[in-house]
Amino acid sequence: MKNTKLLTTTTFRNHLADVIDEVNEKEDYVLVTERGEPRAALVNIDFFEDLLAANSPAFIKSIEEAREDFKAGRVYTHEQVFGDL
């Protein structure tokens, strides 16, 4: 797991474009602090979409169903899915 990067609100405000570039290139997220306490987070879009998906009831249900299928042996081989590529 990556180290969590903390930025003060002043640093965040003064270097917004650089912070956005850094989040998109190197980090999943940075936390913005005020008086030493985390107040907000800036996350890259991939990480944000993963968070949304992970909190989606439909997504969670599909994972549960896939696990049940796997346990019951309802699986396909690579050949069955992709054939002779």
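A salt bridge is taken here as a side-chain nitrogen of Lys or Arg within 4 Å of a carboxyl oxygen of Asp or Glu. The model to which this criterion is applied is a predicted one. With an N to O distance of 3.7 Å, the side chains of R39 and E34 meet in such a bridge. R39 is exposed, its relative accessibility being 53%, whereas E34, at 33%, counts as partly exposed. Salt bridges with shared partners join E34, R35 and R39 into one network.

The surroundings of this network are formed by β2 and β3. These two strands run antiparallel and are joined by six bridges. The loop between α2 (16-25) and β2 (29-34) leads into the hairpin, and the loop between β3 (37-43) and α3 (45-54) follows it. Within the pairing, E34 stands opposite E37 in β3. The hairpin has two residues between its strands, and R35 takes a positive phi near 55° there. R35 is placed in the loop between β2 and β3. This residue is exposed, with a relative accessible area of 76%. Although R35 and T9 are 26 residues apart along the chain, a distance of 8.9 Å separates their C-alpha atoms.

In total, the structure holds five salt bridges. Another of them brings together the side chains of E22 and K5, at 2.7 Å from N to O. Because E22 belongs to helix α2 and K5 to strand β1 (residues 5-8), this pair ties together parts that lie 17 residues apart in sequence. Both partners fall in the intermediate range of exposure: E22 is partly exposed at 23% relative accessibility, and K5 is partly exposed at 27%. A further salt bridge is made by the side chains of R74 and D69, with an N to O distance of 2.8 Å. D69 counts as partly exposed, at 29% relative accessibility.

Attention may now turn to the loops that flank the hairpin. N44 lies in the loop between β3 and α3. Its relative accessibility is 10%, and N44 therefore counts as buried, the limit being under 20%. A polar atom of the N44 side chain lies 3.4 Å from the backbone oxygen of V23. When neighbours within four places in sequence are left aside, N44 is in contact with V23, N24, E27 and D28.

One of these contacts, E27, is found in the loop between α2 and β2. The contact between N44 and E27 thus links a residue of the loop after β3 with one of the loop before β2. E27 is also buried, with a relative accessible area of 16%. E27 and L6 are 21 residues apart in sequence, and their C-alpha atoms are 12 Å apart in space.

The last region to consider is a nonpolar part of the surface. Y76, V81, F82 and L85 make a nonpolar surface patch of about 550 Å². Among these residues, F82 is found in helix α5, which covers residues 78-82. F82 is partly exposed, its relative accessible area being 44%. Since residues of a patch must have over 30% relative accessible area, F82 at 44% meets that requirement while still counting as partly exposed.

Terms used. Residues are numbered from 1 along each chain as its sequence is written. This is a predicted model: local features need pLDDT of at least 70, side-chain atom pairs count only at pLDDT 80 or more; totals for chains, interfaces and linings use all residues. Side-chain values use heavy atoms; hydrogens and water are left out. Patches are made of residues with over 30% relative accessible area and no salt bridge: like charges are joined within 9 Å, nonpolar side chains (Val, Leu, Ile, Met, Phe, Trp, Tyr) within 5 Å. Accessible areas come from the Shrake-Rupley method with a 1.4 Å probe; for residues, only the protein chains shown count as cover. Helices (H or I, at least four residues) and strands (E, at least two) are DSSP runs, numbered from the N terminus. Buried means under 20% relative accessible area, exposed over 50%, partly exposed in between (1.4 Å probe, protein chains only). A polar contact is a pair of N or O atoms within 3.5 Å; within protein, one must be able to donate a hydrogen and the other to accept it, and residues adjacent in sequence count only if both atoms are side-chain atoms. Contact means heavy atoms within 4.5 Å. Two strands pair if DSSP finds at least two bridges between them.
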